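The following exercises concern burial, pockets and the nonpolar core of a protein chain. Each task is followed by a worked solution.

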Amino acid sequence: MYLKNALRAATALTFVATAAAHAQSITIATVNNGDMIRMQGYTDQFTEATGIDVEWVTLEENVLRQRVTTDITTKGGQFDIMTIGMYETPIWGANGWLVPLEGMSAEYDVDDILPAMRNGLSHEGTLFAAPFYGESSMIMYRTDLMEKAGLEMPDAPTWQFIREAAAAMTDRDNDINGICLRGKAGWGEGGAFITVTGNSFGARWFDEDWKPQFDQPEWNEALTFFVDMMSESGPAGYATNGFNENLSLFQQGKCGMWIDATVAASFVTNPDDSTVADKVGFALAPNSEGVDKRSNWLWAWALAIPAGTEQADAAKQFIEWATSKDYIELVAENEGWANVPPGARTSLYENPEYQKVPFAQMTLDSILSADPNDPTVKPVPYVGIQFAAIPEFAGIATQVSQEFSAVYAGQQSVEEALEKAQAFTAEEMEAAGY
């Protein structure tokens, strides 16, 4: 059935002659997240249908960002497809560094892509990357440990409740941490998490005149709260934990709560990988008491074609296959609806079978509640929730996240980190002409 679908899609794309196609090979740079690893397992079906060989370069998140950024800015030409996100896509598309994803087949149904994802991966109405999956962030928690603590998780909790619950669920003798959160340096790792935490305490990266705001009390409150809570109830060495490290801890039963990407829900509830699969509940990311912003982000891991590749047509064929409705059905048939790539297509959330998945509605609610045009309590000049969509942000935020991780590791105080973040950011923004 699915080979037939792939062939039908191939015909719609007007493939080149078979002999020529067999000579083609494309190289894809991607992140080492579970859904991307799963996709690699199905690549043979794409090759069988099209004759296009696929070579994978699978990298840790921070390394991936460094490699693809270096390659595209230097026109290195190492990759025919890059896995990038909502931060890079509009900026790189505006610079002419990406091939527009125009002329997708009617069967692909580009209008089915969730508007939040389509808008975030476009520049001036042109789509430059197709979402393999989309995500926000939410709370995943152990229902058994919450019950044992005598507490009940609200659908929309505050940070103050989360801290109380984390302390009550912590059991050091049995290697159970009440809460596991990202502390790993990197603008898209721990930097992303502390940014949305800051949003929920009323903090912001810049004011309307592009002046850094790390010298304001909201940032001190947010960072101090985070450090104190993690010291009380987090795992040892959390300064080096990112998405994959915390996923492993949660699956091993070593976390009472984990606040992270909604895409993780399928992995923590998969009995093949998770020792607590039948004991997981979900809730919206928290806000701080009295602050009307939740600490959830908006992101898509998406596939884009760098300008200048000599394999643009083959790359586009792969993107259409990997981000299609047929691919979702392929995974559902083989691994169940809970394991399909989430957050990218409207039709998925209209599917009665997917609606039965316990985290489907919470994922959609989290995505829909994230507004990159209104990310903070006070006005800001930038678009983006866990990032500011300006070219300078990645470099600045990577440095700032390193200062924060040094706090988590006990190497400096909150005040010292914020002072350094303020000075460095101000200097970089002034040099950039803001």
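**Exercise 1.** Does Ser 324 count as buried or exposed, and what is its relative accessibility? Describe its surroundings in this predicted model.

*Solution.* Begin with the position: Ser 324 belongs to the loop that runs between helix H14 (312–322) and helix H15 (325–335). Next, apply the cut-off: a residue is buried when its relative accessible area is under 20%. Ser 324 has a relative accessibility of 11% and therefore counts as buried. Then examine the side chain of Ser 324, which reaches the backbone oxygen of Trp 321 at 2.8 Å. Finally, with neighbours within four places in sequence set aside, Ser 324 is in contact with Tyr 108 and Arg 345.

**Exercise 2.** Where does Ile 113 lie, and with which residues is Ile 113 in contact, leaving aside its neighbours within four places in sequence?

*Solution.* Locate the residue first: Ile 113 is found in the loop between H6 and H7. Its relative accessibility is 1%, so Ile 113 counts as buried. Beyond neighbours within four places in sequence, the contacts of Ile 113 are Tyr 108, Arg 118, Leu 127, Pro 131, Ala 344, Arg 345 and Thr 346. Two of these partners, Tyr 108 and Arg 345, are also in contact with Ser 324.

**Exercise 3.** Characterise the lining of the largest pocket and of the second largest pocket.

*Solution.* The volume of the largest pocket is about 390 Å³. Its lining consists of 21 residues, with Arg 65, Thr 69, Trp 187, Ala 394 and Gly 395 nearest the centre. Two or more lining residues are given by each of helix H5 (61–73), helix H6 (88–94) and helix H19 (393–408); H5 supplies the largest share, 5 residues. By class, the lining of the largest pocket comprises 8 nonpolar, 10 polar and 3 charged residues.

Turn now to the second largest pocket, which holds about 260 Å³ of space. It is lined by 15 residues, and Met 86, Asn 119, Gly 120, Pro 372 and Val 383 are the closest to its centre. Helix H7 (residues 115–120) provides the largest share of this lining, 3 residues. The class count here is 9 nonpolar, 6 polar and no charged residues.

**Exercise 4.** Which residues have the most contacts inside the largest nonpolar core?

*Solution.* The largest nonpolar core has 142 residues, and those with the most contacts inside it are Ile 162, Trp 205, Met 257, Phe 318, Phe 404 and Tyr 408. Take Tyr 408 as an example: apart from neighbours within four places in sequence, Tyr 408 is in contact with Gly 183, Ile 194, Leu 223, Phe 226, Val 227, Tyr 238 and Ala 239.

Terms used. Residues are numbered from 1 along each chain as its sequence is written. This is a predicted model: local features need pLDDT of at least 70, side-chain atom pairs count only at pLDDT 80 or more; totals for chains, interfaces and linings use all residues. Side-chain values use heavy atoms; hydrogens and water are left out. Helices (H or I, at least four residues) and strands (E, at least two) are DSSP runs, numbered from the N terminus. Buried means under 20% relative accessible area, exposed over 50%, partly exposed in between (1.4 Å probe, protein chains only). A polar contact is a pair of N or O atoms within 3.5 Å; within protein, one must be able to donate a hydrogen and the other to accept it, and residues adjacent in sequence count only if both atoms are side-chain atoms. Contact means heavy atoms within 4.5 Å. On a 1 Å grid over the protein atoms alone, a cavity is a set of points where a 1.4 Å probe fits but cannot get out, and a pocket is an open set with protein on both sides within 12 Å along at least five of seven lines; lining residues have an atom within 4 Å of a point. Grid points are joined across faces, edges and corners, and a volume is the space filled by probe spheres set on the points. Ala, Val, Leu, Ile, Met, Phe, Trp, Tyr, Cys and Pro count as nonpolar, Asp, Glu, Lys and Arg as charged, and the others, Gly among them, as polar. A nonpolar core is a set of buried Ala, Val, Leu, Ile, Met, Phe, Trp, Tyr and Cys residues joined through side-chain atoms within 4.5 Å.
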